[in-house]
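Colleague: I would like to go through this model with you, one question at a time, before I take it back to the bench. Could you reason through each answer and finish on the value or name I ask for?

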Amino acid sequence: MGCTGLKAEWHSTIQTETQFPVVPGTVVEVTCSDSRALNKGSSEVTCIAETEFNFKFNEPKCMNQGIEAVNSK
């Protein structure tokens, strides 16, 4: 079975232009929903099944630049 959408925990911060469903092995480009946030993980994820994806580096994670600057001090 292919992928039916992004992972539930990504819905509030991650978006894609990809139309679901997609077949396993499909590479999906993801970006942060908030254009001011930075993606601290992979910008491409690969469909495994349902809402499970593989990623080359770290799991996509959007960080607000202001919060990131405070946390890095």
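Colleague: To begin with charged side chains, which residue meets the side chain of R36 in a salt bridge?

Modeller: Please keep in mind throughout that this is a predicted model. The side chain of R36 is exposed, with a relative accessible area of 57%, while its partner is partly exposed at 28%. The nitrogen-to-oxygen distance in this salt bridge is 3.1 Å, and the residue that R36 meets is D34.

Colleague: How many salt bridges does the structure hold, and which residues are joined into one network?

Modeller: Besides the pair of R36 and D34, the side chains of E9 and K7 meet at 3.4 Å, N to O, and those of K7 and E59 meet at 3.1 Å, N to O. K7 takes part in both of the latter contacts, and salt bridges that share partners form a network here. The structure therefore holds 3 salt bridges by the criterion of a side-chain nitrogen of Lys or Arg within 4 Å of a carboxyl oxygen of Asp or Glu, and the residues joined into one network are K7, E9 and E59.

Colleague: Is K7 buried or exposed?

Modeller: Its two partners make a useful background, since E9 counts as exposed at 53% relative accessibility and E59 counts as partly exposed at 30%. For K7 the relative accessibility is 12%, and the cut-off for the lowest class is under 20%. K7 therefore counts as buried.

Colleague: How many residues apart are K7 and E59 along the chain?

Modeller: The side chains of K7 and E59 meet in a salt bridge. K7 sits in the segment before β1, whereas E59 belongs to the loop between β6 and β7 (62-64), so that the pair links distant parts of the chain, and the separation is 52 residues.

Colleague: Turning to the aromatic residues, why is the pair of F20 and F53 classed as it is?

Modeller: The structure holds 2 aromatic pairs, and a pair of aromatic rings is described by the distance of the centres and the angle of the planes. For F20 and F53 the centres are 6.5 Å apart and the planes stand at 80 degrees. Planes over 60 degrees apart fall into one class, so the pair of F20 and F53 is edge-to-face.

Colleague: Where along the chain do F20 and F53 lie, and how many residues separate them?

Modeller: F20 is partly exposed at 24% relative accessible area, and F53 is buried at 5%. F20 lies in the loop between β1 (14-15) and β2 (27-29), and F53 lies in strand β6 (residues 52-55), which makes this a link between distant parts of the chain with a separation of 33 residues.

Colleague: Which residue joins F20 and F53 in one aromatic cluster?

Modeller: The residue lies in the segment before β1 and counts as buried at 2% relative accessibility. Leaving aside neighbours within four places in sequence, it is in contact with V45, F53, E59 and P60, and E59 also meets K7 in a salt bridge. The third member of the cluster with F20 and F53 is W10.

Colleague: What is the order of the strands in the open sheet?

Modeller: The protein has 1 helix and 7 strands, and 3 of the strands make up this open sheet with antiparallel pairing. β2 and β6 each have a single partner strand and stand at the edges, so one side of each is left without a neighbour in the sheet. The twist averages 45 degrees from one strand to the next, and the order is β2-β5-β6.

Colleague: Which residue of β5 stands opposite E29?

Modeller: β2 and β5 pair in the antiparallel sense over 3 bridges. Opposite E29 stands a residue of β5, namely E44.

Colleague: Lastly, is S42 buried or exposed?

Modeller: S42 is found in the loop between β4 (37-39) and β5 (44-49). Not counting residues up to four places away in sequence, S42 touches V30, F55, K56, F57, N58, E59 and P60. Its relative accessibility is 2%, and S42 therefore counts as buried.

Definitions and conventions:
Residues numbered from 1 in each chain as written. Predicted model: local features only at pLDDT ≥ 70, side-chain atom pairs only at ≥ 80, totals over all residues. Heavy atoms only, no water. Phe/Tyr/Trp six-rings, centres within 6.5 Å; stacked < 30°, edge-to-face > 60°. Helix = DSSP H or I, 4+ residues; strand = E, 2+ residues; numbered from the N terminus. Buried < 20%, exposed > 50% of the residue type's maximum accessible area, 1.4 Å probe, protein only. Contact = heavy atoms within 4.5 Å. Pairing = 2+ DSSP bridges. Axes fitted to C-alpha atoms, helices over the stretch in contact; angles between N-to-C directions.
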